[in-house]
Amino acid sequence: METQSVIQIKNLTKIYRDFWGRKKVRALNSLSLDVKKGEVFGLLGPNGSGKTTTMKLLLGLLFPTEGEITVLGKPASDVSKNEWIGYLPEESYLYRFLNAEETLDFYGRLFDMSPQQRKERSNQLIELVGLQNARKRQLKEYSKGMTRRIGLAQALINNPDLILLDEPTSGLDPLGSRDMKDLIVKLKNEGKTVVMCSHLLADVQDVCDRIAILYAGELKELGRVDDLLKEQHETELLTSKLSPEAVADVEAVLAKHNAKLLRHGHPTNSLEDLFLKTVQKSQERPGQRFVPAASEKS
Amino acid sequence: MNFDAKPFLLFSNIENGLMHWLLVFGSFIGVIFAATVLIALGIYGVSGPVAVMGRVRQGLHDFVNLSPKRIWAISWLTIIEAVRRKALLVFVVFAFLMMFAGWFLDSDLRADLQVKNAVSFALTTVSWLTIPVLLLLSCWGIPEDIRVRSIHTVVTKPVRRNEIVMGRILGFATIAAGIVAMMGIVGYVWILRQVPNNASLICRVPVYGTLQFLDREGNVSEKGINTGDIWEFRSYIEGGSKASGAYKFSVDAPVDRIKLESRFEAFRTHKGRMGQSLLVRYVLVNPTKDLRVPLDSFEIKEFNLNEQYLERKLSFYDEARMEKRTVDLFDDVVDQNSLTIEVQCLDVGQYLGMARPDFFIRLPDRPFAVGYFKAVFGIWLLTVFIVSIGVTSSTFVKGPVATLLTFSLLIIGQGFREFMIKLITGVQKGGGPIESWYRLVTHMNDTLELPDNIGIKIMQGIDNVMLAGLWLMQHLIPDLTSFVMSPYVANGFDVPWNVAIFRSLAITIGYLVPCLLVGYYSLTLRELEAK
Ligand SMILES: Nc1ncnc2c1ncn2[C@@H]1O[C@H](COP(=O)(O)OP(=O)(O)OP(=O)(O)O)[C@@H](O)[C@H]1O
Ligand SMILES: [Mg+2]
């Protein structure tokens with residue numbers, strides 16, 4: 001059963017140059033990725049590791065120095081693919097002099113939607129992102145979280161098949177980020193593809209099917225979240241609260257099977273562990289990078 | 001301040017204009033295309049030109065598949081932005097100026113000069129307020145959009161980059177239309193209130209003829225006499241001789257009477273008859289029928305207009321036949337739709353100066369509003385031109401640079417054009433630039449033949465390319481003088497369609513098309529990141 005690739009990136013390198021064409025930063029180095037239809041894909045990495053750069057390259061906002069990008073079967077520079085794409089930028093760069101309704105109406109027009117459609121859709125989205133009370137206020141008066149919300153609404157205006165979210169939960173209150181995660185899951189259930197990057201590992205762990213970890217523009221880790229977090233030579237048991245005697249009993253049982261109780265307590269946020277470990281490893285051994293296993297290769 | 005209507009400024013022939021435009025536009029595009037292909041070939045080898053061709057194909061595709069809805073969406077955004085950024089406050093400035101301007105306009109002047117001042121003031125104020133506002137708006141719009149990256153949310157929608165350029169231009173043009181129309185109406189009402197009781201607002205419709213001079217022996221000559229006036233606009237004929245200026249007008253359908261209007265200039269070599277002005281006579285001529293109909297002589301009013309009427313039936317004394325005759329203006333005098341009138345000066349030793357626009361047939365006047373609002377339209381056309389250039393330049397440079405660029409073009413186009421062209425073409429003396437340099441170095445006079453060898457051939461070849469480049473450059477500089485239509489209105493004339501309106505419209509469109517192309521490619525080929 002071959003699932004369709006929505007995004008294919010091959011040997012993507014991006015070098016930022018200054019006005020005179022001199023090289024400034026190598027933001028991405030020979031990155032190869034595939035995102036399959038219907039999955040939620042997470043891009044992780046420390047600040048400045050090239051996540052936003054990757055997204056902009058996918059959208060054709062930046063031009064690759066080397067390598068190939070195919071999005072929805074089209075080259076990244078092809079504008080017509082945008083018909084099915086939604087993009088939430090890292091910071092919501094919207095038109096500050098418009099209010100929420102006007103903003104959504106404007107973006108709706110860019111998709112040649114009819115006035116009726118635009119009205120329905122923007123009402124629906126304003127409801128979805130919870131801005132009913134601020135719909136008539138100009139965006140320059142919005143708080144950061146409110147701006148994120150309207151940014152999300154504009155990304156969904158065209159009911160896109162592929163949604164690129166650059167740090168979707170940044171600036172949102174806990175309730176808001178809960179809603180955001182629910183929304184991402186809902187989108188996934190509708191069969192849409194979501195690519196997101198975030199620093200909030202808990203969020204990523206909750207919603208992503210697969211993740212890639214970037215470090216200094218290089219791919220360091222790629223795979224299913226479950227697989228990556230599964231330590232092959234450890235087993236984790238989760239039980240209801242145990243009394244000290246019960247723990248001692250369990251230890252005895254384990255000893256019988258030649259195993260040791262390494263640690264007990266509440267399960268940790270283990271993606272964080274993975275992330276820190278990967279970053280640490282990258283710092284120690286800069287040359288090493290993720291090489292796709294045979295199964296990953298198309 | 002003097003005004004002379006420019007009745008014959010170029011563009012009498014639309015086909016010539018179009019061909020000329022195609023030539024300039026074609027060479028412009030050709031040069032850019034060839035340079036791009038060569039550079040691409042140099043950097044990327046064969047795949048370079050292939051990629052360039054891909055871009056061209058993509059460009060064609062994008063221009064064919066424009067979406068008016070999306071363009072209008074961008075225009076709407078542009079308009080809302082201008083309104084919310086309070087660009088329309090310029091109205092307040094305008095209203096303020098208009099409220100107090102009356103105090104400063106001289107009310108001791110002759111009535112018709114007062115009218116002229118009021119009209120000039122109103123139209124000048126409209127353009128001087130509108131143009132800077134639109135210049136700044138159009139030059140800063142896209143760079144600001146890129147700087148705050150709001151453009152990222154637009155270009156990640158199915159918007160073509162040419163739609164952004166077009167939408168912006170359309171939006172600014174709409175704003176300009178609003179501002180200019182409002183100010184135009186306010187200015188009109190203001191002018192009506194400024195007109196003194198003993199003056200009126202007029203809108204004359206002149207039909208100009210061609211002018212040919214006959215010298216004192218009665219032979220055709222290119223020009224009349226130059227009286228040493230610093231201003232060579234007028235040529236002079238000698239009084240009391242056979243010298244005359246022959247105006248040839250084309251007339252169509254017969255009418256009952258024709259009104260003639262003239263403003264000749266007297267040049268006196270002696271005081272002449274005391275208290276009297278120069279005596280002038282019109283002679284209607286039909287060369288085919290050998291008919292000469294002298295009209296009654298009249299004294300010219302200097303610095304003012306002479307008005308005469310030609311009736312349908314003309315009675316005169318025929319000197320050749322020695323009898324009194326009556327002829328029909330259209331049946332006998334008009335020869336194949338053309339009416340020839342010779343102007344003679346009857347004072348011996350005095351000179352009469354005339355130029356083509358000094359004498360014309362005056363058709364029935366139009367309402368003043370017609371001429372006035374044509375001039376207002378002209379102001380709008382100029383802002384559209386500026387906006388096109390401004391938006392286009394702002395796609396590849398930042399706001400301040402774009403403003404400077406557009407402003408310079410505006411200044412050059414208003415009057416320094418001739419000077420610039422001289423500057424550019426000045427290099428041409430003694431062959432092309434390289435040849436003249438060669439001659440300079442070898443101390444060679446520029447009339448000597450150059451040796452015939454391969455080096456010289458190459459040199460001249462390069463020179464020809466450079467001269468072609470200069471030719472192209474000089475034709476890329478716009479001539480914006482036709483956009484300024486207020487002198488017509490201020491001097492009581494209608495604004496001519498051909499000379500002013502159509503010409504300005506053609507220039508605007510002529511620049512708009514390449515602007516769209518340049519804007520499209522510069523937005524497509526650059527990363528929209530603030531640098
Ligand atoms: N416009 C630009 N010009 C020059 N360098 C840039 C530009 N944008 C990004 N960079 C550089 O490219 C690298 C990757 O940046 P990018 O924004 O992709 O990181 P990121 O992973 O999104 O970081 P963050 O987590 O902080 O958002 C950084 O070193 C950054 O300085
Ligand atoms: Mg980022």
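Trainee: Which elements of chain A each supply at least two residues of the shell around ligand 1?

Mentor: Helices (DSSP runs of H or I, at least four residues) and strands (DSSP runs of E, at least two) are numbered from the N terminus, and a residue is near a molecule or strand if one of its heavy atoms lies within 4 Å of it. Here β2 (23–36) and α1 (51–59) of chain A each supply at least two residues of the shell around ligand 1. This is a predicted model, in which local features need pLDDT of at least 70 and side-chain atom pairs count only at pLDDT 80 or more, while totals for chains, interfaces and linings use all residues. Residues are numbered from 1 along each chain as its sequence is written, chains are lettered from A and ligands numbered from 1 in the order in which they are written, and side-chain values use heavy atoms, with hydrogens and water left out.

Trainee: Which residues come nearest to ligand 1, and how is the shell divided by class?

Mentor: Among the 15 residues around ligand 1, those that come nearest are A:G48, A:K51, A:T52, A:T53 and A:E90. Because residues from chains A and B surround ligand 1, the site is shared between chains. For the classes, Ala, Val, Leu, Ile, Met, Phe, Trp, Tyr, Cys and Pro count as nonpolar, Asp, Glu, Lys and Arg as charged, and the others, Gly among them, as polar; by that scheme the shell holds three nonpolar, seven polar and five charged residues.

Trainee: Which side chains have an N or O atom in polar contact with ligand 1?

Mentor: A polar contact is a pair of N or O atoms within 3.5 Å; within protein, one must be able to donate a hydrogen and the other to accept it, and residues adjacent in sequence count only if both atoms are side-chain atoms. A nitrogen atom of ligand 1 is 3.3 Å from a side-chain N or O atom of A:Y16, while oxygen atoms of ligand 1 lie 2.7 Å from a polar side-chain atom of A:K51 and 2.5 Å from an N or O atom in the side chain of A:T53. Taken alone, ligand 1 exposes 630 Å², of which the protein buries 73%; accessible areas come from the Shrake-Rupley method with a 1.4 Å probe, and for residues only the protein chains shown count as cover.

Trainee: Which residues are the protein donors of the magnesium ion?

Mentor: Donors are N, O and S atoms within 2.8 Å of the metal (3.2 Å for Na, K and Ca), and sites may look incomplete because water is not among the atoms. For the magnesium ion, ligand 2, the protein donors are A:T52 (OG1) and A:E90 (OE), lying 1.8 to 2.3 Å from it. A:T52 lies in helix α1 of chain A and A:E90 in the loop between β6 (85–88) and α2 (100–109) of chain A, so the pair ties together parts that are 38 residues apart in sequence.

Trainee: Are A:T52 and A:E90 buried or exposed?

Mentor: Buried means under 20% relative accessible area, exposed over 50%, and partly exposed in between (1.4 Å probe, protein chains only). A:T52 counts as buried because its relative accessibility is 14%, whereas A:E90, at 28%, counts as partly exposed.

Trainee: How many aromatic pairs are there over all chains?

Mentor: A pair of aromatic rings is described by the distance of the centres and the angle of the planes. Rings of Phe, Tyr and Trp (its six-membered ring) pair if their centres lie within 6.5 Å, with planes under 30 degrees apart counted as stacked, over 60 as edge-to-face and the rest as tilted. A search of the whole structure finds 25 aromatic pairs over all chains. The rings of B:Y247 and B:F359 have centres 4.9 Å apart and planes at 85°, so this pair is edge-to-face. Since B:Y247 lies in strand β5 (residues 244–250) and B:F359 in strand β16 (residues 359–363) of chain B, the pair ties together parts that are 112 residues apart in sequence. Both B:Y247 and B:F359 are buried. B:Y372 and B:F373 form an edge-to-face pair too, with 4.9 Å from centre to centre and 90° between the planes; B:Y372 is buried at 0% relative accessibility, while B:F373 is partly exposed at 31%.

Trainee: Where does B:R362 lie, and with which side chain does B:R362 make a polar contact?

Mentor: B:R362 is placed in strand β16 of chain B and is buried, with a relative accessible area of 11%. The side chain of B:R362 makes a polar contact of 2.7 Å with that of B:D365.
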